[in-house]
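Work through the three exercises below with the sequence and the model at hand. Try each task before reading its solution.

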Amino acid sequence: MASTLEKFIHSLDPRALPRVLQIQSGIYFQGSIYEMFGNECCLSTGDVIKIIGFKINKLIASICENNEVSQSSAKVELPLNFPGLYKVVTDKTPYVSIEEITRKVSIGPTRFGHPCFYSPEDIELANVTIKHGEQITFNSVEEVNGTMAVNCGVVRNNQSHSFTLPLSQEGKFYECEDDQIYTLKEIAEWKIPKCRNRIVKLSNTLHMWDSSNPLPENFDGCLILTPVYEVQAVMKFRKDIVHILSDLDVEVKDVTDCYDISSFLQPLSLEDVFERTSKEFPMVAEIMEGPSGSQKPYNLLHTGKEIIIYKKYQATRVLASEIRSDSPKRHFLIPMSYKGKFKRRPREFPTAYDLEIARSEKEQLHVVATKAFDSPHKELFSVSVGDQFLVQQCQTSEVLYEGRKKVIDVLACEQILSDTYKKVLLPMYMEGGFVEVIHDKKQYQLSEICKEFRLPFNVKVSVRDLSVEEDVLAAVPGLQFEEEITDSYLLISTTSSPVESWEIPVYRLNMSVHLLSRDVQTVVPPATKTTVEEISEEQYYMVRRYENQTLHPPPRPPKKPTILAPKLGFAVPKQGVTDVLQAPKGDVPSN
């Protein structure tokens, strides 16, 4: 049965890919030539294409009044990077089964991929009863004892309880209220169910409005969003991947069940290649869709290029972020083979509690106060801007509070005076400001820092890496090494000039290849080049999430023993604090 391409893609379950479609009829731009992203393809009646993927490319928005499209509103086109933050309006239409939810709603490993639903009726399971109206969080979909099910969770009395719901579970399931705010791109990727539109409300006004803005000036209402998908497809007799917008005016018919799907080239993502067994390497492949970027080796990996993939493996990188007060910060993944050198930079500590976490048994922490603090207890020290301290240890002390003695946690320090040292006690709840004094002038290799110190660790490049044409780290005024990570890589070279090999990241490089049935002449890879990889904000948080998913949140700092206690934020985890080189007392500078 024929349908429009738009209707077919809107109802297509990604798990059913790939699908083979036959073009039935349509109206074509420039005759029968369709062009997008520089790719031209001829879509004639009777042609067959293999759909290998699709993603939202843009959104069509209509101004919404009372959850309905405004009669006076024209449809406007919004790119995914359109500015503003939005709240999702709850969909009042129920889902009739768990299977329908998994088919239409995005469920995945990120914080956006955990949708919440409730049932108006109690759900009786073997070991638990889910009460009506109770919020159910959907965490992941997997096979449990041979049956596909959703791993779910509910929170009762601040305790999380896990259970599974089979896809066959029927009933009415309603979307829960969502009080989070999202960018338009986040909504497009995670919050628009298949076969449904999504109503959103602008949460903050746009910073700037001009005549090019498609929305009315000072608009703060609701929008109904309809997605337009970019479809990735393979055509016969072509060695590249073509991109088609789902709103192209053509009719298609699904002929997957009666067509030899192996007659098309088989595109493989880097993830697909990585999942091959180690015995299958090395292999020769031709690039069907190359990555963007001017940095080596990405500028060499263009469509049609043949490459040798020698092996797959895990490699260590140091995750580093630019030190700056404003945003956005730049983020980098630095290979252990980086040949530049670093000098230390001082850390900043917002509270006395952070000083306690940062201190080391073998090295003394020397800091200068950048914010004054008046102690409410005469037994404890009042801090002035410019005061210098050597941090000693945490202990307890008795203070007089409303005529009664009370024991509180304090930080024992030595205040550095012009010619002596004075023992003082700082309340652990103290909100102040301290900056580290660095006495260590040594230059370090990256491997030395990772071996001798605990991360995070503040540095700046003192000697750039001379083995590369451009060292991107050298221009950054300050870096914080946050943690070591392990990531997946493929080792490749080009067949035309296999004089050097490159590591390419598996999960951050958008690239497709198809394998060639040809033997590899050179089994041993040439000299390997590694590069510093600059990653986006989104990639940075994905990397941190995967590395830290087993870590518990850090403890809260103690509070001031009054009802007016200041609210302190989370402090840095103890396992992530830099060691500090000891400053001998004789060498400590005076005020």
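The exercises deal with a sheet, a single residue and a strand with its partners.

The model is predicted: local features need pLDDT of at least 70, side-chain atom pairs count only at pLDDT 80 or more, and totals for chains, interfaces and linings use all residues. Residues are numbered from 1 along each chain as its sequence is written, and side-chain values use heavy atoms, with hydrogens and water left out.

**Exercise 1.** State the strand order of the open sheet of 6 strands, and find its edge strands.

*Solution.* Step 1: fix the terms. Strands are DSSP runs of E with at least two residues, numbered from the N terminus, and two strands pair if DSSP finds at least two bridges between them.

Step 2: read the order. The sheet runs S9-S16-S10-S13-S14-S15, and its pairing is antiparallel. Strand S9 (95–97) and strand S15 (159–166) are the edges, since each pairs on one side only. On average, neighbouring strands here are turned by 45° against each other, direction ignored; the axes behind such angles are lines fitted to C-alpha atoms, and angles run from 0 to 180 degrees between N-to-C directions.

Step 3: look at one edge. S9 pairs with strand S16 (residues 170–175) in the antiparallel sense over 2 bridges. Opposite Ser-97 stands Glu-170 in S16.

**Exercise 2.** Is Arg-198 buried or exposed, and which residue offers a backbone oxygen to a polar atom of its side chain?

*Solution.* Step 1: locate the residue. Arg-198 belongs to strand S18 (residues 198–202).

Step 2: check the accessible area. Arg-198 has a relative accessible area of 3% and is therefore buried (buried means under 20%, exposed over 50%, partly exposed in between, with a 1.4 Å probe and protein chains only).

Step 3: list the surroundings. Leaving aside neighbours within four places in sequence, Arg-198 is in contact (heavy atoms within 4.5 Å) with residues including Val-88, Asp-91, Glu-175 and Leu-223. The backbone oxygen of Lys-191 lies 2.7 Å from a polar atom of the Arg-198 side chain.

**Exercise 3.** How many residues of strand S34 (residues 479–494) are buried, and which strands does S34 pair with?

*Solution.* Step 1: count. In S34, 13 of the 16 residues are buried, so the strand is largely enclosed by the rest of the structure.

Step 2: take the partners in turn.

- Strand S24 (residues 306–322) is joined to S34 by 15 bridges, antiparallel; Glu-322 has Leu-479 as its bridge partner.
- Strand S33 (residues 457–463) is joined to S34 by 3 bridges, antiparallel; Val-459 has Leu-479 as its bridge partner.
- Strand S35 (residues 501–505) is joined to S34 by 4 bridges, antiparallel; Leu-491 has Glu-503 as its bridge partner.

Step 3: find the connection. A hairpin of 6 residues links S34 to S35.

How values were computed. Polar contact = N/O pair within 3.5 Å; in protein donor to acceptor, adjacent residues only side chain to side chain.
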